[in-house]
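Dear colleague,

Here is the structure I said I would pass on to you. Please look through it first; my notes on what was found follow below.

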Amino acid sequence: MLMQSSLRAKLQEAFRVRMYFYMAVAAVVFAVLLLQLMNLQLIQGKEYAVKARINMESNIPIPAGRGDIYDRNFREGEKNVVVVSNRPSFNLTTIPANFKSKKKLNEILDLLARLLNIDKDEIVNEISNSNPWERVILKEDVEFDTIVKIASHQNRFPNIDWEDASVRVYNFSEMFAHVIGYVGSINREEYRRLKSEGYKHYQKIGKSGIEKQYDRLLRGRDGYVRRIVDVRQRTEGEEVGQRPSAGNNLVLTIDYNIQSTIYEAMKDLKGAAIALKPATGEIIALVSKPDFDPNVIISKNNARVIKQLQTDNDRPFLNRMIQSKYPPASTFKLITTVAALETEKAKPEKTYYCPGKYTLKGYIDHDFYDYDAHGTVDLYWAIAKSCSVYFYQLGLLTGPTDIIRYAEDFGLNQKSGIDIPGEVPGFVPSRQWKYKVFGQTWFDGDTLNMAIGQGFLHVTPIGMCNFVAAIVNNGVVYRPHLVREIRSNDNSRVIKAFHRQKVREIPLSPVTLQAVKKGMRLGVMSGTSGRLSYLKVPVAGKTGTAQTRSIRQEKFSQHAWWIGYAPAEGPTENAVACAVLIEYGIAGAASALPIAERIFYKLNELGYFDAAPLAQIGPKQNETDIRKPAVQPRLQPKKDEAANKLP
Amino acid sequence: MLFSKDGLSKIDYNLVIAIIVAVTIGILMIYSAGFDPIDKMNNGLYRKQILWFIFGFIFMVGMTVINYQALGDYSLHIYIVLVVLLIITTIFGTPVRNTRAWLNFGLFSIQPSEFMKLGLVIILAKYLEIRERDINRLRELVVPTLVTFVPVLVILQQPDFGTAIIFIPILLTMLFVGGADVSHLISIVLIAAIALVVPMILTYREWVGAEGSNFILDFFTDIRLLMIVSSVMLLITLVTFVLHFFSVKKFLRKIYVPGSILSLGLMASVIIQNLFRVYQKRRILVFLNPDLDPQGSGYNIIQSKIAIGSGGFFGKGFLKGSQSQLGFLPEKTSDFIFSVVAEEWGFIGGLILLGIFGFIILRGIQTAFDAKDKFGALLASGITTIFFFHVLVNIGMAVGIMPVTGLPLCFISYGGSNLLMSMISIGILLNIRARKFVY
């Protein structure tokens, strides 16, 4: 019994020891829990409070309106030619995770695909590649009526939402395509590059032309609504976080009237034409054909059209004014002239006899032909009649080094610096270049070819236009540009005005300038450009016919050039320089001249050459050339009309 | 003597008040968590919880009236009834989120596995009382282990991993308190650890696509080789164990003790590796490391920590917790209700709740100390252990230091069965404490 009770006491004692141990473990556990609670709430509380805010706040962007674009005749408060504007529209969106099942989502997508002509596979693909809580755009540019219908049958379209999304409208479709460009959804590469500047992945961005170059000014800044949302993205409350600030408007240097004149004149042709004011570098018109309709490019489900345009042999996306190079042909004779006169190797009065061909003496004699026998001609007549035999000999006399030097001085191997992206420089060969590429020295035959603008030379049309501008300006060239000023979105304020900007100055003697100008004027009065002689404004110009190999079996294997300016007499402040290039034209005079004719006729009709106040050269020049357009252009396009254009 | 009323005057009213405060906090939090601030509607779970509380209170009072020693007498009956109920539930139960843990009675449904916890504690208390003097022998551990593993295996079939796993620490704690040899308990834990570690490493390597191999890994990957090696080891162990009876050489013990641990652990690991499906093993891995499943339980932990941390010192206020109100916090009425308390009432709220649980556990231990008989002491410590592990696992999970399991927080979480079981347990505690001087 004693044994029993002592064993009992021993067991009791063991139990007590173990219970004390238990209590100690429990105390430690509670202490650990308390410490962790303090750590979370008291030490890291602020950080977790931020995380909780991030969880419940969802910023819904309010898109900023993109700026409008006007032509050069813009006057504040008047009816203006709106080249690019915006049209209110809607995007149909959904949050895939809100659907109870994949099947439900599929049913809705099927229904919408039938009703709205949506490519369902594309959307299914998009959904499977993105966060299910993120909004997916089902269809862009949905009409208001459709939205009303969906809103009134919401039980049939659960979880289908919409958002404002204005759509860019290019009011003149193809006419300004190569100048304005178009916008598009920001792509991965662009997003990576521009993220730091505040670009968002859902935004539109200018893809080419003015839209790309001035994107930062046009786009404005998106605002946002701050929503308190629950885990299923249902909204509990919202407030405007930041109001959007609309993008700036642009006023172009382009005159709608001239642009449309050229556009109409070049209707079925391929090529490019430009008119610019040498005194400032303002581009009054710039057309490249063939072209495309930006409205089609920006519409959704456009992949097929874009593919078609991209694979088109005529390459409509190519801006032939700045992105394509051609042999300058006879227009280059003017540079040969400048080189000869500036180096004083010849005088304008020097004559050569032209029998219709020139034989280059050498190991084997080579005949270089002219299209006609011009008899004895001096420099003026050689320019006017485009006498190649004269320039063969003038070129040999001057030598290739100086011709190349002047071609380079005029910037024919450089970019013009025009304010749209994608420009390519022209190409001027050199002795070193030829040796490097062909392993041959420079032959006299090469000099002959170069003197008349054939051979290795390739220039952009805008490069030749800049050459004319240099002649008009006595050697000074201003940067060609397309935008006159940037205005606030309500047009009330000029944010920035673009002044002329000198890019190069070529010292030219009066003798040279007088000779070139006289030769070009003679060319219009009784030479190759005779078709323009009747115009009221005195025009000076030079034709060119570039021989090219016909790669694509075109009918004519010649490119037609015309460069020139007006007025040929009097002050040059109002002068307009012009370059026209027609691909595979019949001949210089026949294909390019009618375009030049229409340009100068229209310019004169609009009063571009009327004596203007001379004092206003320089910054204020911008405000001098505003005149009432002769033909009232289409102003704001009718809404349904613009809509009909979209597929 | 089944009923005796003379103990009623000695009821510990402090504990009753603590329970009433805890359940009230729970009901308020279930109200808050059930409120939808967008639809301005409450899902009404709090009303059910109030009903369960009333129901549970009656049971608690009832438990104080009967003589708790009668529970010991009927412990086997209670155990068998509960196991049968558990099996019926596992076969015929209403599946909720792929788990057959509930028996539906139309108006309400019960979760027998909750009551099983108490049932196990009662039968273990009774067994350990009977075998009090021999419990330090290894063979006496076989029955408690079997008694525990029957419900564990059934619950694993439901499958309700979190509930099943809680039985094991309850068993070990009760064996420890009941006087089992500590070295035996450590051996069991080691065997279990070996049994789990091998398949877990293999599953983990397979899951994350680990490259490379070496001799040891190849050995573990080859199940048959593993089986043969562990069988040989077991054979050697048995031989040395038999030799041990004829010779008292001490070094033999040094062979067969670690030998049996290793071989049994490895054999168990082979069984786990073969019996469990890949997704089940992955679930255990996620249980141990939630970061492996950032969309699932990893997400839950992150949201819970945000809820608790953003509560700060004073909390965001009743019905104002963004994490719970806007639904970022998952399972907010059950598993993560502590996070709701800590978010809306801040550190103060969390401290009060920890204080209440600390008090309950302290009272449980005191009751075990003061109990007039061994059964009462073991029963009280077992019940305390149930509460203790629920607090540890549930709050530990909410604050991010324990794996995610579906264990409720007693008295606070929504759930009738758990509340009822907890109230009954408290009734038993009150009973034991009230009768400490009654012989």
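I begin with a charged residue in the interior: A:R484 counts as buried, at 3% relative accessibility. Please keep in mind throughout that this is a predicted model. The side chain of A:R484 meets that of A:E282 in a salt bridge, with 3.9 Å from N to O. A:R484 belongs to strand β20 (residues 483-487) of chain A and A:E282 to strand β14 of chain A, so this pair ties together parts that lie 202 residues apart in sequence. A:E282 is buried as well, its relative accessible area being 0%.

Other salt bridges

Over all chains the structure holds 37 salt bridges, and a few of those within chain A may be of interest to you. A:E57 forms one with A:R226, where the closest N and O atoms are 3.6 Å apart. Since A:E57 sits in strand β1 (residues 57-62) of chain A and A:R226 in strand β10 of chain A, the pair ties together parts that are 169 residues apart in sequence. A:R226 is partly exposed, with a relative accessible area of 23%.

A further salt bridge joins the side chains of A:K207 and A:E190, at 2.8 Å from N to O. Here A:K207 lies in the loop between β9 (204-206) and α8 (209-213) of chain A, while A:E190 lies in helix α7 (residues 188-194) of chain A, so the parts tied together are 17 residues apart in sequence. The two partners fall in separate accessibility classes, in that A:K207 counts as partly exposed at 22% relative accessibility, whereas A:E190 is buried at 10%. In addition, A:R66, A:R168, A:E211 and A:D215 are linked in a network of salt bridges.

The interface of chains A and B

Between the two chains, 38 residues of chain A are in contact with 56 residues of chain B. The area buried between chain A and chain B is about 4,200 Å², and carbon and sulfur atoms give 73% of that area. Across this interface the rule finds one salt bridge, namely that of A:R8 with B:E132, in which the closest N and O atoms are 3.5 Å apart. Residue pairs in polar contact between chain A and chain B, both residues being at pLDDT 80 or more, number nine.

On the side of chain A that touches chain B, at least two residues each are supplied by α1 (2-43), α2 (45-56), β10 (223-229) and β11 (235-242) of chain A. The largest share of that side, 24 residues, comes from α1(A). By residue class, the side of chain A that touches chain B divides into 25 nonpolar, six polar and seven charged residues.

Two elements within chain A

Helix α5 (residues 144-152) of chain A has A:T146, A:I147 and A:I150 as buried residues. Viewed down the axis of α5(A), its buried residues fall within an arc of 100°, so they line one face of the helix. The exposed residues A:F144, A:D145, A:K149 and A:S152 are carried by the face of α5(A) that is turned away from its buried side. The buried residues of α5(A) pack against β4 (90-94), α3 (102-116), β5 (136-142) and β6 (160-164) of chain A.

A:R521, which is found in helix α20 (residues 510-526) of chain A, counts as buried at 16% relative accessibility. The side chain of A:R521 reaches the backbone oxygen of A:V539 at 2.7 Å. Leaving aside neighbours within four places in sequence, A:R521 is in contact with A:P538, A:V539, A:A540, A:A568 and A:E569.

Backbone geometry to check

Most residues other than glycine have a negative phi, and most peptide bonds are trans. The peptide bond from A:K289 to A:P290 is cis, with omega near -5°, and A:P290 has its place in the loop between β14 (282-289) and α11 (294-298) of chain A. In chain B, a cis peptide bond joins B:Q158 and B:P159, with omega about -10°; B:P159 lies in the loop between α6 (142-157) and α7 (161-178) of chain B.

Positive phi values in residues other than glycine include that of A:R315, near 50°, and that of B:F411, near 75°. A:R315, in the loop between α12 (303-311) and α13 (333-342) of chain A, is partly exposed, with a relative accessible area of 48%. B:F411, by contrast, is buried, with a relative accessible area of 1%, and lies in the loop between α16 (374-398) and α17 (416-434) of chain B.

With best regards

Terms used: Residues numbered from 1 in each chain as written. Chains lettered and ligands numbered in written order. Predicted model: local features only at pLDDT ≥ 70, side-chain atom pairs only at ≥ 80, totals over all residues. Heavy atoms only, no water. Buried < 20%, exposed > 50% of the residue type's maximum accessible area, 1.4 Å probe, protein only. Helix = DSSP H or I, 4+ residues; strand = E, 2+ residues; numbered from the N terminus. Arc of directions from axis to C-beta. Contact = heavy atoms within 4.5 Å. Buried area = accessible area lost by both parts, 1.4 Å probe. Salt bridge = Lys/Arg side-chain N within 4 Å of Asp/Glu carboxyl O. Polar contact = N/O pair within 3.5 Å; in protein donor to acceptor, adjacent residues only side chain to side chain. Nonpolar A, V, L, I, M, F, W, Y, C, P; charged D, E, K, R; others polar.
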